[in-house]
Amino acid sequence: MSDFLYQHRSLITKSFEILAAILGSWYLKKTKNENLKIFVYYLWLTVIVEILGYYKHILQNNYDYDWFIAWKNSVFCQNIWLYNIYNLFKIGLLGVFYSSLLSKPSFKLIIRGIVLLYTVLSTIFYTFTEAFFVMGLPYDYILAAVIVFIFVMFYFIELMKSEFILQYYKLPSFYISVALLIWHLCATPLFIYISYFQPFNTEFVNFRTLLLLYINIFTYSCFAFGFWYSLKKSKQ
């Protein structure tokens, strides 16, 4: 079973991402919930980036075409630049999403300040270094985890003080927040120890790959379930 999951990890992950995006779109169509629209955009952005990012594996082939050889020898041979752009949009979209869910002005202001600061720091770093095509923002996964944690905590604080606390299980935003928090808490350590991700360290490579797959399956399943279950409850 583990061998099957390892060999088909990319397809499995993309399948769950697409499932969550489709159910999110279905939820929007049925409920016209404007607050969830930004998050569904984020899900489709993730799907698109994951599909486009697969070109890195295609470039491992040796096709005898001038355009292919030029592409393979260019700065775009790695897909790091694509994920650097994605990370910027990710923080921005999640910031807009949680800002739309919150009513407390101070929380909204902090979120906007965090998004602006992250965007400015990223832009300065990539502008004045040559890192854009070779590496991400230093400590980016830790920064993203802290930022998402702040967003989610603001949401939970307001939820506990609102009248919706008794119906939290009907809110897709609740399942989204739980899944995002768990993903960053579990996945961030795997990226911190990325230096151990070497071909000769097969046990760690297999462990990290499978654990990340399980985390992704749980996360996108939680998103999908949140949309489906919330829509089901809204009809009762």
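1. In this predicted model, helices α3 and α6 are roughly antiparallel to each other, because their axes cross at roughly 165 degrees and angles over 145 degrees count as roughly antiparallel. Helix α3 spans residues 34-52 and helix α6 spans residues 80-101. The two axes come within 8 Å.

2. The crossing of α3 past α6 is left-handed. On the α3 side, the contact is made by N35, L36, I38, F39, Y42, L45, T46, V49, E50 and L52. On the α6 side, the residues are L82, Y83, Y86, F89, K90, L93, L94, V96, F97, S100 and L101.

3. By class, the residues of the contact of α3 with α6 divide into 16 nonpolar, 3 polar and 2 charged. Among the contact residues are E50 of α3 and K90 of α6, and acidic Glu and basic Lys both count as charged.

4. On internal voids: a search of the whole structure finds 1 cavity of 30 Å³ or more. The space in the largest cavity is about 30 Å³.

5. Which residues line the largest cavity? The lining consists of N84, N87, L88, Y118, S122, Y126, L137 and D140. Helix α6 supplies at least two residues of this lining, and so does α7, which covers 105-128.

6. The lining of the largest cavity has 4 nonpolar, 3 polar and 1 charged residues. Helix α6 thus appears in both parts of this note: in the contact with α3 and in the lining of the largest cavity.

How values were computed:
Residues numbered from 1 in each chain as written. Predicted model: local features only at pLDDT ≥ 70, side-chain atom pairs only at ≥ 80, totals over all residues. Heavy atoms only, no water. Axes fitted to C-alpha atoms, helices over the stretch in contact; angles between N-to-C directions. Helix = DSSP H or I, 4+ residues; strand = E, 2+ residues; numbered from the N terminus. Parallel < 35°, antiparallel > 145°, perpendicular 65-115°, else oblique. Left-handed = near helix turned anticlockwise from the far one by under 90°. Contact = heavy atoms within 4.5 Å. 1 Å grid on protein atoms, 1.4 Å probe; cavity = no way out; pocket = protein on both sides within 12 Å on 5 of 7 lines; lining within 4 Å. Points joined across faces, edges and corners; volume = space filled by probe spheres on them.
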